[in-house]
Structures are given as C-alpha cells and as structure tokens.
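Colleague: I would like to take a close look at a single part of this model, with the terms explained as we go. Please take your time over the answer.

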Amino acid sequence: MSDSNSTATSSSASPIWLYSYIKLRFFNRIRRFLRSKNARKRPTPSDHFDTSSSRPAKVISNNNEATMAGQVLEKQSGDDHEDDVLGLQRAVKKLHFGVCWEERELAAMEIGTLAKEDVKVRKLVGGLGVIPVLVSMAASEVVARRRAAVSALIQLANGTYTNKALMAEAGIFSKLPKDINILDEPTRHQFAELLFLLSSLANTQFPLSSLETLPFLVGIIESGTSSIETKETCLGALYNLSTMLDNAGNLVSNGVVEALLNLSSIKELSEKALATLGNLVVTLMGKKAMENSAAVPESLIEILTWEDKPKCQELSSYILMILAHQSSDQRVKMANSGIVPILLEVALLGSSLAQKRALKLLQWFKDERQAKMGPHSGPQTARFAIGSPLGSPVNPREAQQGKKMMKNLVKQSLYKNMEMITRRASASGDSSKLKSLIISTSSKSLPY
C-alpha cells in the first residue's frame, strides 16, 4: 500500500518538477540574452561628450544635441528590444503551456516572425525546447496549425546548423505527409522549402537519411498540380542530397533519374535537373539508370540545341560525355539520333566550355569511325570497285579512285552541314572563327 502511494505521489510531482525546470531554464536564458544586449548597447562617456575645452561653445552645443538625440534613439531601440524579448517570452510560454490549440498556433506564428528578424533569437529559441513542439504540430491534419508550425520551423532553420540538427532529431522527416494530394499548393511549397534547408545537412557530418524524404520530393516534382517554384525548390533539395555519393542508390531506387530527365525538358527547371543528373551519372547505378532510360540520349541531344540556355548546353554535353566514354553502344545510339550535326553547331556557337566538350565528343566519333574503317574490322570500302562485277578483282588504281570518291562524299556532307549552321549563325557575325573551324575540320576529313 505504501509503495502504491509513493508511486502515485512521484507521478503527480513529476509534471510539477518538469514544469518548474523548463520555466526556470527559460527565464535564465532570457535574462542572459537581455543582459548581453544591454551590455553591448550601453553608451560610454566618450560617446556622448568631449571634455576638450578648446572647442568653441557652438560645437560643444551641437555635440550635446547630437548626444541627446543618440541617447533618445538608443533608449527607443532598447525599449523595442525589451518588447521583442518580452514578446518572445510570452510566445514560448504559450507554445509550451497554452490552454488551447488556437493559442499555440498564434504563438508559433509569433515565434516565426521574431526568428525571421534576428538570428540571435533563432539560436535562443532553438534551445528553449520549442522545436519538438513545432515538429509535432507540423504533423497535424489541421491546415492552419500545420502551416503555422512549418512556417516557424523554416525561420528557425534558416542559417542555423544546430536548429536543423534538432529538427532532424525530433523526427521531422517521419512527420511528412504520405500522400501529397491532401496538401494544398502553399503547404506543399512550405514543406519543400523546409526540406531544402534541412537537405544542407547532407554536406555535414550529421547522419541524414534520404529514405524518408525522397518519396515526398519525387511525388511533388511528378505531380501535375505543383507549381514551377515548388518543383524548383524540391530540385534544390535533391541536388543537395545527390552531392553525397552514398545517397545515389536511394535516389535511383526511388525513381529520381526518370523524374529528373522529364523535368530537364522544361527550360525553367532544366538547369537544376541536369546539375543533379550530373552528380548521379558519375556513379555506377546512376549511369546505368540513364543508359536504360528511353529518354536518353534524345532528350539530352535536344537540350544541346537551346542556344538561349548555355549552362544547360554545358551540363547536357557533360552528361553525354560521361555516357559515351568507353561505351560503344551509347555512341552508336547517339550517332543514330543525329548528334553529330548538333555537336558541330555547339562547337561553333556554344560557350567555351560547351565547345570543348562538343569537340571532345566529335573526336571520339571520328576515332571510332576510323577504327571501324581499318583493315581488320568493319566494312571494307575498297573491296569492290564501282561498276565492276561482284567478286571481280580490283586493281590499285580503281581502289584509289574509290577512296577519293568516298572522301569527296564526306566533304560534301560536311560542307552541307556547315552551310546550314552558317545561316543560323549569320546574326552573330563571328565569321573568322567559323572560317578557321571549317578549314581545320575539313583538313581532318571528319567522317560525319
């Protein structure tokens, strides 16, 4: 009987002790914060007057007036700061011990407003135990409550690593809605912005798992009802996650590659989608997923024609280089998709980086064609003479004429492509560069 009474007494006293501890800790932090602010803003005697007696009376009078004005401004700013601290104190207290959810929602909105204005407030609030409360509110099915909590978390996560880590430890990723269709567009954008801020933890030593965030992010970028701005924010989060090679497997298994390839065809989103694909293509799983995609290489070749998007051209050519490197099958697919004339155009009109990558790809195609035309591999063009009966012997003179004819055909095809590109580039007026490139490429007998 005595054991049960002592157990009941300790359980009833525990909430009282916890409440007193949290309250005491809160007021101690507020007191230290206020003292540090007042100590920093306290004026020194040298700031207010000059004891030199050699100054004219008028100058001293002006200094006194300026000093009095400064004291008034400092007093006003100090009063405003004290009001902010008192407001923060009330908001945190209501968030912890509010009698109703409406009161807690208002407290969350006030905390978000105060945290937006001062980074010191963000750091202070993060240590007062408000983040776990806001994380639990973010999982609420009530729209107003959820949006107030997520908005406050966004402000607290902005520029503070500690608060981001506290949110991750509080289980914010497990609180994400399983079905994005239940969210309206403003709420989707808020969650996307919060995940973008938290995804920067991937570049730190903090163990950030991408398994819980990827279905939500992929669902948003694949949704037809999500706005361009929301999708762009999600792409930023996916890019941060893709910078860690350990996340490549999870990204590929959740269908990120196919979703990014689809978004890369949208000019407003293409740059960030291609940048993320560039991080994935250097991994074995990412490269294999792109090679098996039906959109590759046609979608990437199409991006090479975007003259108004030089950055997209550079990223697309980079991905194509990685795919074509040491892969004859991919080079054949690219050649059959008509990549060579487009690479010639990029080599003429693209940015300096895109030009280098396009010329590198062209060199690979040229080397491969020459290897196929060797004496022991590929079709033997000089085996039969033109106009001779099938299987009849060929003399050296006829074989030489056949080779010359093939070279002439190659040059005609090259010049035809150059004329088409020249007409498109006539507005740029870069004739000297065009002429030099035509001479250099024709002298090498480029076989495309």
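Is Lys267 buried, partly exposed or exposed, by its relative accessibility?

Modeller: Before the answer, please note that this is a predicted model, in which local features need pLDDT of at least 70 and side-chain atom pairs count only at pLDDT 80 or more, while totals for chains, interfaces and linings use all residues. Residues are numbered from 1 along each chain as its sequence is written, and side-chain values use heavy atoms, with hydrogens and water left out.

Lys267 counts as partly exposed, because its relative accessibility is 33%, and the term covers the range between buried, which is under 20% relative accessible area, and exposed, which is over 50% (1.4 Å probe, protein chains only). The side chain of Lys267 meets that of Asp308 in a salt bridge, at 3.4 Å from N to O; a salt bridge here is a side-chain nitrogen of Lys or Arg within 4 Å of a carboxyl oxygen of Asp or Glu. Lys267 belongs to helix H14 (residues 267–280), whereas Asp308 lies in the loop between helix H16 (298–303) and H17, so the pair ties together parts that are 41 residues apart in sequence. Helices (H or I, at least four residues) are DSSP runs, numbered from the N terminus. Asp308, for its part, counts as exposed, because its relative accessibility is 52%.

By this rule the count of salt bridges comes to four, and two others can be set beside the pair you asked about. Arg331 forms a salt bridge with Glu368, with the closest N and O atoms 3.0 Å apart, and this pair links distant parts of the chain, since Arg331 is in helix H18 (residues 328–336) and Glu368 in helix H20 (residues 352–372), 37 residues apart. Arg331 is buried, with a relative accessible area of 15%, and Glu368 counts as buried too, at 14% relative accessibility. The side chains of Glu105 and Arg145 also meet in a salt bridge, at 3.3 Å from N to O. Here Glu105 counts as buried at 13% relative accessibility, and Arg145 is buried with a relative accessible area of 15%.

Helix H17, already mentioned as one border of the loop that holds Asp308, spans residues 310–324 and contains Ser317. Ser317 counts as buried, because its relative accessibility is 1%. Leaving aside residues up to four places away in sequence, Ser317 touches Leu304, Ala354, Arg357 and Leu361, where contact means heavy atoms within 4.5 Å.

Definitions and conventions: Helix = DSSP H or I, 4+ residues; strand = E, 2+ residues; numbered from the N terminus.
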